[in-house]
Amino acid sequence: MTFLAPWAVWFLAGVPLIVLLYLLKLKRRPLPVSTLMFWQRVLEENRRRALFQKLRNLLSLLLHLLIFALILAALAKPVLDRAMREGASTVLIVDTRARMQAGEAGGGTRLELAKKLAANYLSQAAAGRQVAILSAQAAPTVAAPFTSDEKILREALNALAPTDTTGDLHASIDLAEQLLAARQGAGRIVVLTAPGAESSVRDRRPNVEWVPVGTGHDNLAITRFATRPLLNSPQTSEVLLEVVNFGAEPATLNLELSLDGRLLDVKPLTLAAGAREVQVFPTVPRTTSGGRGWLTARLDAADALLSDNVAYAVLPPQQFKRVLLVTKGNWFLEKLLEADQGVKFELLTPDAFQLAFGEKFDAVILDDFLPRGFDLAQIAGNFLCIKQTPFAAGGAPLEQPLIAETDAGHPALRLVNLQNVTVVRASALVEPPRDGDWRFETPIRSIAHPLMITGERRAGKTQQRIAALALDLTDSDLPLRVAFPLLMSNTLQWLAGEPPPGAPVLAAGATLPLTGDQSVWIEPQTKWTNSLNIDPTRFAHVLFQPSRNGYYLLNQREGTRWLAVNTFSEAESDLRAPRDIATAARLPILPALSLSGWPLWHYLALAALLLFTLEWWLFHRRRTE
């Protein structure tokens, strides 16, 4: 037997004090009475019972000494663990990943049950038997270092919060082994996790003690949720969503899709056991600059794990391209730009145009006009030159050129079909040399002549682009074909460059490095509210590692954007326990614990309480003094 608190032996000094109190004789106070007739029989009876009186006093002394001994033994915290010597250390690894939020039959979650089980180990903490607590999530964290203070350990255990992160247990066990390697004496690692979670680790970690927590459950989960703008309609987006039934029974449920707190669509779903279904919402309107773009998918299923029934995505607000059209009058271009909902354009005549205007617009269209002093080495801005271009070869125009080659991989020709387009006349262009800062391509060619030239260069942190089209729109049937709006829209989109990068999509537990001009509000938002109470002190500036799903506000130089965080892990959502693993939650079986999970000193304290109650009853029955 080992005593975890041997300092309690000093309380033995109280034994002589108890004995001394029983040896003291009571000094009776003399009191005159009128007669002794009524007291004679009492004195005679007391003499006959003198021997029993001595035994009664001895029984009272023994009971008090026994109660004191039990209290003293409970304070010393004896354990029957012969294997644990002085210097023994225990590391408790409590799983706080997403799967531990699953509800159990008793009304609590797996994590709450794991905390109750872990509390049994903390009662064994002592100077020669210290305990540390680790939280197993995407990256393991030390909740409490090695200590013998049970109060500190219980506070750290109660402070453990559930996370929506995923990951394996290897990193947590590696950290526990490193902590034990620096300490003397025997060491042990105890992992409290969901049933089956250790199946991939058990074979490689034979010395780790596993405590399954909770039971297996059927579960429904959203495992994919993504959005993208439609190429033929930039003002709308399509949404892809996948739902999986991790259960042995078919399930019927509704899938709800909301944007900025407004319900967009509801779809009924019926999933067979173990089945998955992919749903596509093709026409989700993109938000304007006044909206946040919070797109939320929700399953109305009441299953064990509620966190994977909700998924978050962000629809970036629609970015309008500012375009300047410089023309003497072109009905096709004007109507095209008016119909494009992603373009805000202004109209200007050639005599009012100045080269300095190029920096104020995303793209400038020069229709049959090339201003004086147009030098590729000095101009600023992005330009689309039609008919008159800086790449003119001079000489006679090309008569009835055929479109012989097109580069389908060029961004300007995405989904553009120029087959059978008739061109009556085109300007002769010469491909510029491939040197200097500019890099040129010819995505449209005739047999021996380029009909379209594109170029781009990097100027500091900005990118400049130019496109030259040798065709006069009135000298071809291109404006009458479907290819015309696609070609112009693609070219303007390419000239304007990629829109400012949207907020990245993160998995819970992933790390996002932040630049000097970026910061993230670390309070996750999961429910729509008209106003937000933003705390300026709750921002991350160097690294951001979210542990809960939801929307996070990202501040950057381009403005504020929202960041969506999800789990999307089938390993976390599949709550079915393997058949070869017991699914019932059980108390840890320790050498220092009894069959009920109580330490031995708990029984000693209980026995002292019972004897104290017995002695109180005997005293009031006048069997003891």
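## Helix H6

Start with a quick length check on helix H6, residues 170-181: with 12 residues at 1.5 Å a residue, H6 should span 16 Å, and its end C-alpha atoms do sit 16 Å apart, so the two figures agree. Bear in mind that this is a predicted model.

As for what H6 tucks away, the buried residues are His-170, Ser-172, Ile-173, Leu-175, Ala-176 and Leu-180. An α-helix has 3.6 residues a turn, so residues three or four places apart point the same way. The buried residues of H6 pack against a whole set of strands: E3 (88-95), E4 (129-136), E5 (141-147), E6 (187-193) and E7 (209-212).

## Ala-194, in the loop after E6

Two of those strands, E6 and E7, have a loop between them, and that's where you'll find Ala-194. Is Ala-194 buried or exposed? Its relative accessibility is 2%, and the cut-off for buried is under 20%, so Ala-194 counts as buried.

Who keeps Ala-194 company? Setting aside neighbours within four places in sequence, Ala-194 is in contact with Asp-95, Arg-99, Met-100, Arg-110 and Val-213. There's also a long-range pairing to look at: Ala-577 lies 383 residues away from Ala-194 along the chain, yet their C-alpha atoms are separated by 8.4 Å.

## The E10–E11 hairpin

Further along, strand E10 (residues 251-259) pairs with strand E11 (residues 262-271) in the antiparallel sense, over nine bridges. Pick out Leu-255 in this pairing and you'll see that its bridge partner in E11 is Lys-267. The hairpin has two residues between its strands, and Asp-260 there takes a positive phi near 50°.

## From E10 across to E13 and E14

E10 has another antiparallel partner in E13, this time over five bridges. Leu-255 turns up again here, standing opposite Leu-299 in E13. So what does Leu-255 face in E11? That was Lys-267.

E13 (residues 294-299) in turn pairs with E14, again in the antiparallel sense and over five bridges. On this side, Leu-295 stands opposite Ala-313 in E14.

## How enclosed is E14?

Strand E14 covers residues 310-314, and five of the five are buried, so E14 is largely enclosed by the rest of the structure. In a regular strand the side chains alternate between the two faces of the sheet. Which residues of E14 lie on which side? Val-310, Tyr-312 and Val-314 are on one side, with Ala-311 and Ala-313 on the other, and both faces are covered.

Notes
Residues numbered from 1 in each chain as written. Predicted model: local features only at pLDDT ≥ 70, side-chain atom pairs only at ≥ 80, totals over all residues. Heavy atoms only, no water. Helix = DSSP H or I, 4+ residues; strand = E, 2+ residues; numbered from the N terminus. Expected span 1.5 Å × (residues − 1). Buried < 20%, exposed > 50% of the residue type's maximum accessible area, 1.4 Å probe, protein only. Contact = heavy atoms within 4.5 Å. Pairing = 2+ DSSP bridges.
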